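This report describes side-chain contacts and surface patches in one protein chain. The sequence and the structure are shown below.

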Amino acid sequence: MEGSVIDAVTLSGSVGAPDFSMMTLFWRADWVVKSVMIMLILASVWCWAIIFEKVTSLKKLNRQAQAFEKSFWSGQSLDAIYEAIGNQPKDPMGAVFVSAMREWRRAAEKGHMGSSLANTSLSERIERVMHITVAREMERVERYMTFLASTGSTAPFVGLFGTVWGIMNSFQSIAVSKNTSLAVVAPGIAEALFATALGLLAAIPAVLAYNKLSRDLERYTSRLDGFAVEFSAILSRQMEEKG
């Protein structure tokens, strides 16, 4: 902080219009303010990377879900769809289907099907397995959303901390130089406000993206839950027909 005070005093004696470009504000800032700026810039870059990844992955997941639903409702047998997907489904909806079919086939192979009690137990197990699969898949899809929420809520305060620190430096410059001219005060205040601007620059896109992506993820979760309910009803109907 002392170095900044000395720099500010030196600036007060300089002549000519001060340089308020972003690079100049960054390099002239105190090391604490500079650290805050670097942290906010890195957070902003990481947020944009997350936003881009989530937007593209959600489009891909919706396309895959649409393709799976088209195949599921095409009239093919459940066994044929299961064989086509294999043991490594490429999307969450396929994973929900495969988890239920595994439980169904396992029960059929062991003969745990037919009686009312066995069918009820199997139906409950299938619903539970699909619910667990939906939760596990959505946990993977929603990865890094917490970082967006954290950046949106904390970045303005981090920037404000840099602003407060920069203003403290400005007041110390005034005290040392005993000069309240704009040439002494303005550079320090500009550095301080630059930290706040970076905080808002990181927070605003993070908040907007978090709200938008959260709604899209809720719709996708509802889509998976809806499929699980429909598929559970289909399997229950087949159990009743076989019983």
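Which residue meets the side chain of Arg105 in a salt bridge?

## A salt bridge between helices 4 and 5

The model discussed here is predicted. In it, the side chain of Arg105 forms a salt bridge with that of Asp79, at an N to O distance of 3.3 Å. Because Arg105 belongs to helix 5 and Asp79 to helix 4 (residues 78–85), the contact ties together parts that are 26 residues apart in sequence. Arg105 is partly exposed, as its relative accessible area is 23%; Asp79, at 39%, is likewise classed as partly exposed. Salt bridges with shared partners join Asp79, Glu83 and Arg105 into one network.

Helix 5 (residues 92–110) also contains Arg102, whose relative accessibility of 33% makes this residue partly exposed. The C-alpha atoms of Arg102 and Ile85 are separated by 12 Å, with the two positions 17 residues apart along the chain counted as their separation.

## Other salt bridges

The count of salt bridges comes to nine. One of them joins Arg140 to Glu137, with 2.7 Å from N to O. The two residues lie in helix 6 (residues 116–141) and are three residues apart, so about one helical turn separates them. Their accessibilities fall into two classes: Arg140 is partly exposed at 46%, while Glu137 is buried at 11%, a value under the 20% cut-off.

Another salt bridge is formed by Lys54 and Glu53, whose closest N and O atoms are 3.7 Å apart. Lys54 counts as buried because its relative accessible area is 4%, whereas Glu53 is partly exposed at 35%.

## Aromatic pairs

A search of the whole structure gives 12 aromatic pairs. Among them is the pair of Trp46 and Phe147, which is edge-to-face, with 6.4 Å from centre to centre and 80° between the planes. This pair links distant parts of the chain, since Trp46 is in helix 3 (residues 31–72) and Phe147 is in helix 7 (residues 145–177), 101 residues apart. Both partners retain some accessibility: Trp46 is partly exposed at 39%, and Phe147 is partly exposed at 31%.

The rings of Phe72 and Phe231 also pair edge-to-face, because their planes stand at 85° and their centres are 5.6 Å apart. Here too distant parts of the chain are linked: Phe72 lies in helix 3 and Phe231 in helix 8 (residues 182–242), at a separation of 159 residues. Phe72 and Phe231 are both buried. They belong to one aromatic cluster, which is formed by Phe68, Phe72, Trp73, Phe97, Phe227 and Phe231.

## Surface patches

Which residues make up the patch of positive charge on the surface? Lys59, Lys60, Arg63 and Lys90 gather there. Of these residues, Arg63 is found in helix 3 and counts as exposed, with a relative accessibility of 54%.

A nonpolar surface patch is made by Phe157, Leu160, Val164 and Met168 and covers about 390 Å². Leu160 lies in helix 7 and is partly exposed, with a relative accessible area of 43%.

Key: Residues are numbered from 1 along each chain as its sequence is written. This is a predicted model: local features need pLDDT of at least 70, side-chain atom pairs count only at pLDDT 80 or more; totals for chains, interfaces and linings use all residues. Side-chain values use heavy atoms; hydrogens and water are left out. Rings of Phe, Tyr and Trp (its six-membered ring) pair if their centres lie within 6.5 Å; planes under 30 degrees apart count as stacked, over 60 as edge-to-face and the rest as tilted. Helices (H or I, at least four residues) and strands (E, at least two) are DSSP runs, numbered from the N terminus. Buried means under 20% relative accessible area, exposed over 50%, partly exposed in between (1.4 Å probe, protein chains only). Patches are made of residues with over 30% relative accessible area and no salt bridge: like charges are joined within 9 Å, nonpolar side chains (Val, Leu, Ile, Met, Phe, Trp, Tyr) within 5 Å. Accessible areas come from the Shrake-Rupley method with a 1.4 Å probe; for residues, only the protein chains shown count as cover. A salt bridge is a side-chain nitrogen of Lys or Arg within 4 Å of a carboxyl oxygen of Asp or Glu. Lys and Arg count as positive and Asp and Glu as negative; His and the chain ends are not counted. The place of a charge is taken as NZ of Lys, CZ of Arg, CG of Asp or CD of Glu.
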